[in-house]
Amino acid sequence: MMITDTDSGKLAFVPGENASDVMPASWRLALEDNAERMAVASRWPEFCVRVSAFDRHHLLSLTGLYTLIGAAESLQREAAYTEIAEMEMLQAIALAAKPYSLAPDLQPDQISAFWKELQTQCHVASMLESSDDQTDIDLLARVHSAYYRNPYGDKFFDRMILTVTEDYDKRYIRDGSFFSLGRSIVSLRKYIWEKFQSHLEQSRRALKGSRESVLQVLKSLHSAVLEREFDDAFSAASIADLRKAAFQGLENAAVDRLFIIEQEWIDSQEKAGLPMERLLASLSLQTSSVTDPVVIVADNPIWHSPVVRTPEFYALYSVLTLTSFPFRCLLRLLSDVKDAKLRIEKVRGEFVEFEGKRLLAASFPTAKVVLGGYWHRANGERVESDLIVLVANRLFILEAKGSLIPDRVRFGARDATTRFLKSIWGKASKQGAALADHVRQSDAPVPISDAKGRHLLTLDPSKIRSISRFGISVEQVGPMMNAPEMLEKVGVINSTSIAAPCIMLAELEQVFGYIPGELQRLHYLLRRAQIAQSYQIIGDEMDIFTTYVQFGFSDLPRGDRTLLILGASYTLHEYLDAEGVLVLPSDSSLRSSPMFQNILRQAKQRSAEVYLELGLLLMDFSLARQLAFEKAVRKAFSKKPKGDDWPVAMTEVDVPGEKGAVGLALVDPRSLPLERRQIGYNVLGAMAEQFNAVSSASIITLWKGTEAYDAVYLGGQTLRSAVRRAAPS
């Protein structure tokens, strides 16, 4: 008896009820009209005057607070909170304006309309005027530079700043001064961020805590008030009134002091040996002469000087600007050094290599990871590859790049954009392709050695199943790097190149932090490389990962090769629990049915190789189809067959880039091991013939057996030839 399943099912990529989550806000759509944009641009002088009419500290502090809240709670998508780029524009306007004496605060009934105008002005300024020769990459590069902010994450940011400044110092300065400035940057970030986190925690207590807890918050806000006066004011108040008073009091206190860098704290840092006064003086502005909105969104002076200096205090209203543009700040500190940019890029590149190895080795425990591996071309030339990873017979080649985005890219200069993207993507694609082509074309194993010629690894094309290539960078390349056809049009790559997707290292670390195990990380990275060859993706790595969580790469639409997913990551928080742990949707295609969960659990205990190979196949087998297949299998396997008519069940698996299949065979427990092996081979052969399967698994189960399976036989194709590899476990 044989059961087959070839129904791929009907898939909906974006359910209608969720369309608003991925569509641009209506006010942005309206600005596609050139007349509307010109009307907004005409209001710019008036808006600048409005900014100058309010108290600068209150305006920047209030907007900075809600920008942070929006970023922390992923609320900017709803356009109710200002984005980091909009906060930066406001700070630039405020620094360029001549403040009025005794200017009033921005009032509650004015906030919504004011922020909406700020958002609109920023969006219009980020859009290039249309021209006959304008390409998609011109516009994307400009909007990317204007809006794209991806703070590295606290731990990564701190580690990056400390490592880069220490290495730069040891190599070029050798007195510890630059490393001390790096330590000061990290300390400043922690200082503001911890104050903000304390505010959030207090606000949660005010909104959700018990009456006693809310009263404690109020007492902390009114510490100078006598206890009797405090009781008279609050003892008879309702819990709703108490919450309102506590929340408003906390907001007032935060707007007043949260972003001010207190002199007492500065003094404590100086006593601890950190040059905080020097750092703040170097990274601060008291005024600015930049008033052109087009210049502000392309080259905002606060990107290198995010601190505001007043006669009374220093303030850091936008800490996320500091964490988004740390290398602009470092170059500001090295402004008198002629070759600072080239030196920083060199040190950054080495940081990417070492951090990349650390991350990959930790993420893939069974892998062999080589940093700086050397190999020889056919003519004897020795070539270095930055990172080589071999796991589950899958080869990954990664090239690290440390280039900084040039200022002219931010103005949409096509020649500068093309040169920059070539330096971090085109070059990475060519370097990775050189080793990949050499391994594919080699008739013998390719040895990899270190700089001194010591053997590190052997790449055997008769065993390797696939080769995937990536570029990795610390630069925020984001959505500019995921649409090869768009870059081909401007000469970044040629039509014969298979582009290597470029991933920001900090984002890859975030992705692997969310993904729980080696199998799942391997599946993401392997399929991520494959979809890069099949789709033109408008979105950054976190948008791609969120789409993976929602749909799985095997459920992406087949008809349209363009995926517009920019902003998908705004919904990632919906799949995280209170501790920030990823929880897959109940209907996620990445989940496994109970039967296959048991099979994978047993495979993991028996053999890491079988677990990874079988797991990769099953992760492309959507949950809905797994459940339907399992139901059919249980029905067919429920009764002991008569005679030799033992049942076999087979189904297609939609593996990206190749045909796949899974088969289960119920076998008489009295049969000999050789007989079971032959059945396993026969099932592999049947799937190859019926489904044209390149990657397949034949699972042998015993009648009334106590284990999930007896043996697994894997079929697959290596670089050398299509073979059936038996891997019984």
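Phenylalanine 156 is buried, with a relative accessible area of 2%. This residue of the predicted model offers a starting point for the description that follows. Phenylalanine 351 is likewise buried, at a relative accessible area of 4%. The two belong to separate helices, phenylalanine 156 to H9 (residues 154-173) and phenylalanine 351 to H19 (residues 340-363), so their pairing ties together parts that are 195 residues apart in sequence.

A pair of aromatic rings is described by the distance of the centres and the angle of the planes. For phenylalanine 156 and phenylalanine 351 the centres are 5.8 Å apart and the planes stand at 75°. Because planes over 60 degrees apart count as edge-to-face, this pair is classed as edge-to-face.

Helix H9 also contains a pair of tyrosines. Tyrosine 168 and tyrosine 172 are 4 residues apart in that helix, and about one helical turn therefore separates them. Their ring centres lie 4.9 Å apart with the planes at 55°, so the pair is tilted. The two residues can also be described by their accessibility: tyrosine 168 is buried, with a relative accessible area of 1%, whereas tyrosine 172 is partly exposed, with a relative accessible area of 23%. The threshold explains the latter assignment, because buried means under 20% relative accessible area.

The count of aromatic pairs comes to 23. Elsewhere, ring pairs link Tyr514, Tyr524, Phe545, Tyr548 and Phe553 into a cluster.

The description now turns to the chain as a whole. Its secondary structure comes to 29 helices and 19 strands. Of its 729 residues, 55% count as buried. Among contacts between residues at least 6 apart in sequence, 73% join residues at least 24 apart.

Helix H6 (residues 84-96) can be considered in more detail. This helix has 13 residues and reaches 19 Å from its first C-alpha to its last, close to the 18 Å expected at 1.5 Å a residue. H6 is mostly covered, with 12 of its 13 residues buried. Among the buried residues of H6 are the nonpolar side chains' neighbours in sequence Glu86 and Glu88, and also Gln91.

Two packed helices are described by the angle between their axes and the distance between the axes. Helix H4 (residues 44-52) packs with H6 at an angle of about 75°, and the axes of the two helices are 9 Å apart. H4 and H6 are therefore roughly perpendicular to each other. On the H4 side, Trp44, Phe47, Cys48 and Val51 make the contact, and on the H6 side Met89, Leu90, Ile93 and Ala94 do so. The residues of this contact divide into 8 nonpolar, no polar and no charged. The H6 residues in the contact, Met89, Leu90, Ile93 and Ala94, are listed among the buried residues of that helix.

Helix H7 (residues 108-125) has 18 residues, and the distance from its first C-alpha to its last is 26 Å, close to the 26 Å expected at 1.5 Å a residue. The buried residues of H7 include Ile111, Phe114 and Trp115, as well as Glu117, Gln119 and His123.

A final example concerns valine 610, which lies in helix H27 (residues 608-619). Valine 610 is buried, with a relative accessible area of 2%. From valine 610 to alanine 711 there are 101 residues in sequence, and the two are 10.0 Å apart in space, C-alpha to C-alpha.

Definitions and conventions
Residues are numbered from 1 along each chain as its sequence is written. This is a predicted model: local features need pLDDT of at least 70, side-chain atom pairs count only at pLDDT 80 or more; totals for chains, interfaces and linings use all residues. Side-chain values use heavy atoms; hydrogens and water are left out. The expected span of a helix is 1.5 Å times one less than its number of residues. Buried means under 20% relative accessible area, exposed over 50%, partly exposed in between (1.4 Å probe, protein chains only). Axes are lines fitted to C-alpha atoms, for helices over the stretch in contact, and angles run from 0 to 180 degrees between N-to-C directions. Angles under 35 degrees count as roughly parallel, over 145 as roughly antiparallel, 65 to 115 as roughly perpendicular and the rest as oblique. Contact means heavy atoms within 4.5 Å. Ala, Val, Leu, Ile, Met, Phe, Trp, Tyr, Cys and Pro count as nonpolar, Asp, Glu, Lys and Arg as charged, and the others, Gly among them, as polar. Rings of Phe, Tyr and Trp (its six-membered ring) pair if their centres lie within 6.5 Å; planes under 30 degrees apart count as stacked, over 60 as edge-to-face and the rest as tilted.
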